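Here is a short briefing for a first look. Keep the model open beside the text.

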Amino acid sequence: MDFLNAIILLLNYIFVPALAYGSQLALGAIFVTLIYGILRFANFATGDMMSFGTMFTILFTWYFQSVGIGLGVLPTALLAIPFAVIFMIGYMLLIDKFVFKYYRVNKSPPVQLAMVSIGVMFVTQAVVRIIIGPSDRRFFDGEKFLIRAGEFKDMTGLNEGLAIKSTQVITILITVILVSTLFWFLNKTKTGKSMRAYSDNEDLALLSGIDPKKIVMITWIIAGILATIGGALYGLDKSFKPFTYFNNMLPIFAAAIVGGIGNPFGAFLGGYVIAFSEILLTYAYKKFFMYVLPESMEPDGLVQLLSTDYKFAVSFSILVIVLLYRPSGIFKGKVL
Amino acid sequence: MRKNLNVIAAYSIMMGLIVLVGIFQSWNIALSIFNLCLISAVMTMGANIQWGYAGLINFGIMGYTALGGLAAVLISVNPVQEAWSAGGLNILFSLFLIIGMVLAVRYVLKKYEKSKTRTYIIAAIIILGIIIIRFVSEPGIEAIEEVDPAKTGFLGGFGLPIIFSWIVGALFAGGLAFVIGKVALGLRADYLAIATLLISEIVIAIIKHEDWLTRGVKNVIGLKRPAPYEVNLQQTDWFINLVEKFNSSKLNLISDFAERQAALNQFVIEGSSIFVKLCYSGLFLVVVIILLILTQKALYSPWGRMMRAIRDNEEAANAMGKNVVKQHLLIFVLGSAIVGIAGAMLVTQDGLFTPGSYRPMRYTFLIWVMVIVGGSGNNFGAILGGFVVWFLWIESAPIGLYLVNLTTAGLDDAHFLKVHLIESVPYFRFLMMGAGLLLIMRYRPKGILPEKIEIK
């Protein structure tokens with residue numbers, strides 16, 4: 001019984017939250033990695049682009065709520081996401097046309113493109129804050145929990161409760177659907193294959209008649225979808241605040257690089273690597289050991305490897321270690 | 001003279017703008033803008049050395065700035081005796097353990113060939129070391145943080161004049177840059193950017209949460225000053241006389257003695273804060289000029305020539321027998337040290353150390369905008385960039401307000417759009433920075449004052 005309790009404890013506090021957080025990071029990391037693989041620059045506007053997409057989601061959610069359209073137990077935001085995605089894609093293509101295209105055509109070095117993306121970051125951040133303001137916003141509605149801790153305890157008769165938020169389930173489900181569609185697209189369709197070819201060797205791809213304009217456009221469209229959904233899921237699960245989104249750029253970068261930048265599957269796993277290590281290393285295991293160990297051996301302290309303040313630092317340290325020992329990432333990068 | 005015309009023109013316009021702020025807003029605002037412009041100029045010079053001279057991207061400016069600030073605290077605050085007696089021994093012992101750990105790792109690195117076992121041994125040393133250090137330091141840290149937590153709760157510093165911290169800040173930042181450079185400089189440009197950005201976040205996390213050293217988010221306030229205090233100035237005779245002399249024409253207009261005295265008091269209060277700011281301006285100006293002379297000398301020296309050669313073609317420079325790795329490390333350390341000076345200057349001016357205020361937007365990306373806008377590779381350009389961008393950063397709110405009022409003039413004052421726009425005026429600065437950066441990158445990629453190298 002104690003053993004079961006311990007497992008439920010870990011599930012409740014580590015596994016489920018890390019899985020949801022990891023999915024959100026994974027979507028962002030695939031976004032970064034696609035841009036890096038095909039457009040060949042590190043996009044420092046990642047976090048702000050995600051907040052831009054989320055902002056549209058929130059605006060549409062408010063509109064639907066005011067009209068009285070809803071999804072019952074599901075959050076209204078799910079209905080708003082497709083509309084937000086359309087706006088986001090428009091924004092992405094607009095930015096590409098007026099900002100990034102010039103440097104791409106001139107074959108500027110990646111560093112210059114990264115600098116330009118910083119300009120885009122400033123502008124996007126300003127637009128988001130001017131339109132929706134810098135404050136913390138929750139736009140979740142519908143049924144909050146799938147299983148409540150209390151219900152779970154009654155059901156199983158265990159001491160530990162397992163609470164599963166509906167947003168966590170939605171996040172994981174949508175991520176799985178989205179990512180598997182994306183991999184199917186990249187590996188099975190002609191356009192996807194030509195994208196991979198373009199990422200692998202640009203000149204060779206051009207020689208074989210691949211249209212670079214089309215590739216770039218599709219990349220931005222996929223990026224827009226990923227950024228909006230990733231951002232909206234994070235906002236649903238936690239809350240929307242432009243500053244947090246900007247900061248999320250850092251673990252997302254870490255996930256993309258740990259997985260091998262330019263490699264979408266690596267980025268997907270990288271998101272979970274980062275999320276799990278952040279939570280595993282900063283969780284206080286005292287209660288877990290109380291269940292597992294006999295009473296005489298119970299620990300005095302919290303048995304916490306690192307204080308929760310260092311949550312971000314954990315992912316960055318992993319990144320630094322990976323960069324030092326395997327600069328191409330755990331899964332070899334730059335193959336797409 | 002002729003060829004420097006654009007430099008002179010650009011600087012005169014900049015100074016003119018600051019003077020205009022002084023005339024139309026207040027001299028206090030103008031001087032505080034000027035002081036921060038000078039600090040920004042020091043930071044941009046540091047970043048410019050790395051990016052403009054050597055082509056190294058350093059997105060970790062925030063970390064070095066914070067380390068400089070930490071130096072200011074550690075140098076100037078008086079030591080907290082009780083905290084030292086409570087946990088000083090543990091901390092010192094942990095410090096020795098850290099040094100021992102580093103030496104052990106170095107020994108292993110030197111003694112054994114590169115192999116898997118060596119990596120495992122090093123990992124084992126580090127993990128074991130961290131566990132032992134935690135056991136040793138934990139009670140000490142707890143004891144220190146319990147010493148009067150509302151006021152101290154940290155070890156304090158050395159109680160020296162704060163001006164020394166400018167040098168120590170440079171040493172701290174340079175030391176960190178040495179370590180980072182050793183491990184990260186081999187990375188490609190954009191990886192280096194990301195790595196330094198993340199490392200600077202780690203530095204901030206440590207400064208924020210190691211309360212025994214920095215008081216963390218509880219902030220350190222009331223640091224010593226290199227300049228006199230306003231309150232003391234207001235009571236000194238020579239200062240009152242000075243203010244009287246300055247404002248004699250205005251004071252003479254007032255005939256009533258009591259009124260005159262009140263007016264004089266007002267002038268003295270205003271004058272004292274201007275005087276203090278002027279003191280800071282003088283100090284900062286000295287630093288900027290010294291650094292400018294040194295960096296200009298370096299730029300035109302054989303060493304500067306070599307750096308440009310390495311920047312423009314690494315392989316060729318390597319083939320000519322230049323040690324690229326060593327030079328990159330050197331310039332990384334030098335540039336970061338300069339940023340460290342700026343960090344210490346910043347805390348000196350503010351008189352307080354607030355780890356929570358270090359954010360990458362303000363301390364990393366804004367500095368990069370300054371470097372790019374001003375003109376990378378050109379020291380005058382970098383300084384000008386610091387001035388222009390900081391000036392816009394501060395003045396964008398009034399400018400934004402003016403623009404909003406202008407464009408929405410036809411709307412009712414209570415119209416929701418107008419109210420919303422006026423509320424969001426502070427964020428126009430981000431818009432201006434971004435748009436400015438994008439425009440400069442597109443139409444003047446070398447900055448306002450482009451790099452110009454003449455062989456003398």
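The points below cover chain B, one of its helices, and the contact between chains A and B.

This is a predicted model: local features need pLDDT of at least 70, side-chain atom pairs count only at pLDDT 80 or more, and totals for chains, interfaces and linings use all residues. Residues are numbered from 1 along each chain as its sequence is written, while chains are lettered from A and ligands numbered from 1 in the order in which they are written.

**Chain B overall**
- Chain B has 19 helices and zero strands. Helices (H or I, at least four residues) and strands (E, at least two) are DSSP runs, numbered from the N terminus.
- The C-alpha trace of chain B spans about 85 × 60 × 55 Å along its principal axes.
- Of the 456 residues in chain B, 40% are buried (20 or more other C-beta atoms within 10 Å of a residue's own, with C-beta atoms placed from the backbone).

**Helix α2 of chain B**
- α2(B) covers residues 27-54 and has 28 residues.
- Buried residues number 24 of those 28, so the helix is mostly covered.
- α2(B) bends by about 40° at B:N48. The bend is the angle between axes fitted to the seven residues ending there and the seven starting there.
- B:G55, just after α2(B), takes a positive phi of about 75°.

**Contact between the chains**
- Chain A gives 34 residues and chain B gives 30 residues. Two residues are in contact if their C-beta atoms, placed from the backbone, lie within 7 Å.
- On the side of chain A that touches chain B, α4(A) supplies the largest share, 14 residues.

How values were computed:
Expected span 1.5 Å × (residues − 1). Buried ≥ 20, exposed ≤ 12 C-beta atoms within 10 Å, placed from the backbone.
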